[in-house]
Amino acid sequence: MNPKHILFLIGSLGSGGAERQTIDLINRLNPLFFRISLAYFVRNETLKPLVIHDKIAGIYCLDKKFRFDFHSLRRLNEIIEKTNPDLVICVNPYPLVYTFILHIVKRSCYKIIVIMHSTIMPNKYKDLLTKLLYRYIINKANKVIFVCKKQMEYWHEKYKINPKDSYYIYNGVDTKKFSTQMCMNERKIFRKRIGINDNDYVVCICATLSSAKRHVDLVDAVALLRKDGTYIKILIVGDGPERQNIEKYIRDNNYQILRCNSLVKYGIQTILINDYDEITLMLKHLYNKYITNNVFISGGINPANLSDYGTFKM
């Protein structure tokens, strides 16, 4: 059986959840069944060393310099002609623009899948662009994959994405990779070292420190819970452009007691926050319904139904 040719197209190989997930997916695909190529627009290559090069047929940079770059379009056309993919997987809508143009102009027969990692647009410009352009080309893709059900429903309602071709695959935690082998005494020592008391609930967020992740909403929500008498702290893991602003927000609001040390080297996974009221409701629900030391929350959880989501103790 001949392997299927797949071209992955992504903005960059810089640090980010979508980028890391894409690389993990590529590394796990069986080369006996899939012939993989990877192209990225911007020469940000922080995560490039994580790519297992024996797994892929080629890796290409499009060297995008402008908002829309005709040189990148020509380069992508050359790559598509060279690799002759059966399927092009676009990570987020921007790469889809280039793929869609070439698909129309060249009358290509490859299928297109777009994987949507974004939920709420960060500004009015992106929101307008999504309504006027992205919505149209997303609905032209063969399949649209979202990373959770709530995110998919949001795009269906706000941007009228066609439900018929929409699917969701939860962007969850690899429990084997991020499990701990510590005994109970080692866990207590570890917790004490990073400032967690025995009776503290801990909410962990591992993500790039960017405005889109809304760390300050989580800080405010946890502050409200502490006013209600809940012993709760935040473990912030990661780095990024908003680090100074987040730390200043914590200091200005006298929230230092909420925050544990940032521990990039420890495998503690993600909370994705889109709405201040929603995260507050989630936390209160979890506090009332579960007895646990640490809570993991993934994006788009419905707080009225948490039966499919697990918790574990550090």
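In this predicted model, R43, E45, K48 and D63 are linked in a network of salt bridges. The count of salt bridges comes to 13. Side chains of opposite charge can pair when their charged atoms come close. Three individual pairs are described next.

The pair of K248 and D252 lies within one helix. The closest N and O atoms of this salt bridge are 2.7 Å apart. Both residues belong to helix α8, which spans residues 243-252. They sit 4 residues apart, about one turn of the helix. K248 is partly exposed, at 44% relative accessibility.

E78 and R75 also form a salt bridge, with the closest N and O atoms 3.8 Å apart. Helix α2, residues 70-83, holds both partners. The two are 3 residues apart and are therefore separated by about one helical turn. E78 has a relative accessibility of 46% and counts as partly exposed. R75 is partly exposed as well, with a relative accessible area of 27%.

The salt bridge between K158 and D127 joins two helices. Its closest N and O atoms are 3.8 Å apart. K158 lies in helix α5 (residues 149-159) and D127 in helix α4 (residues 124-138), so the pair ties together parts that are 31 residues apart in sequence. K158 is partly exposed, at 33% relative accessibility. D127 falls on the other side of the cut-off: its relative accessibility is 17%, and buried means under 20%, so D127 counts as buried.

Helix α4 also holds L133. Together with L128 and L132, L133 makes a nonpolar surface patch of about 290 Å². L133 itself is partly exposed, with a relative accessible area of 33%.

The strands come next. An open sheet is formed by 7 strands. Their order is β3-β2-β1-β4-β5-β6-β7, and the pairing is parallel. Strands β3 (56-61) and β7 (166-168) stand at the edges. Each has a single partner strand, so one side of each is left without a neighbour in the sheet. From one strand to the next, the twist averages 20°.

Within this sheet, strand β1 (residues 4-10) and strand β4 (residues 87-91) run parallel and are joined by 4 bridges. L7 stands opposite V88 in β4. V88 is also among the residues touched by T99.

T99 lies in helix α3. T99 is buried, with a relative accessible area of 0%. Leaving aside residues up to four places away in sequence, T99 touches L9, L76, V88, C90, Y110 and I112. Of these contacts, L9 falls within the residue range of β1. V88 and C90 fall within that of β4. L76 falls within the residue range of helix α2.

Two loop residues have backbone angles to note. R107 has a positive phi of about 55°, although R107 is not a glycine. R107 is found in the loop between α3 (93-105) and β5 (111-116). With a relative accessible area of 78%, R107 is exposed. The phi of R214 is near 55°, again a positive value in a residue other than glycine. R214 is found in the loop between β8 (201-206) and α7 (215-227). R214 counts as partly exposed, at 33% relative accessibility.

A further loop follows the edge strand β7. N171 is found in the loop between β7 and α6 (184-193). N171 counts as partly exposed, at 26% relative accessibility. N171 and V147 are 24 residues apart in sequence. In space, their C-alpha atoms are 5.1 Å apart.

Key. Residues numbered from 1 in each chain as written. Predicted model: local features only at pLDDT ≥ 70, side-chain atom pairs only at ≥ 80, totals over all residues. Heavy atoms only, no water. Salt bridge = Lys/Arg side-chain N within 4 Å of Asp/Glu carboxyl O. Buried < 20%, exposed > 50% of the residue type's maximum accessible area, 1.4 Å probe, protein only. Patch = residues over 30% accessible without salt bridge, like charges linked within 9 Å, V, L, I, M, F, W, Y side chains within 5 Å. Areas by Shrake-Rupley, 256 points an atom, 1.4 Å probe, with all protein chains shown as cover. Pairing = 2+ DSSP bridges. Axes fitted to C-alpha atoms, helices over the stretch in contact; angles between N-to-C directions. Contact = heavy atoms within 4.5 Å.
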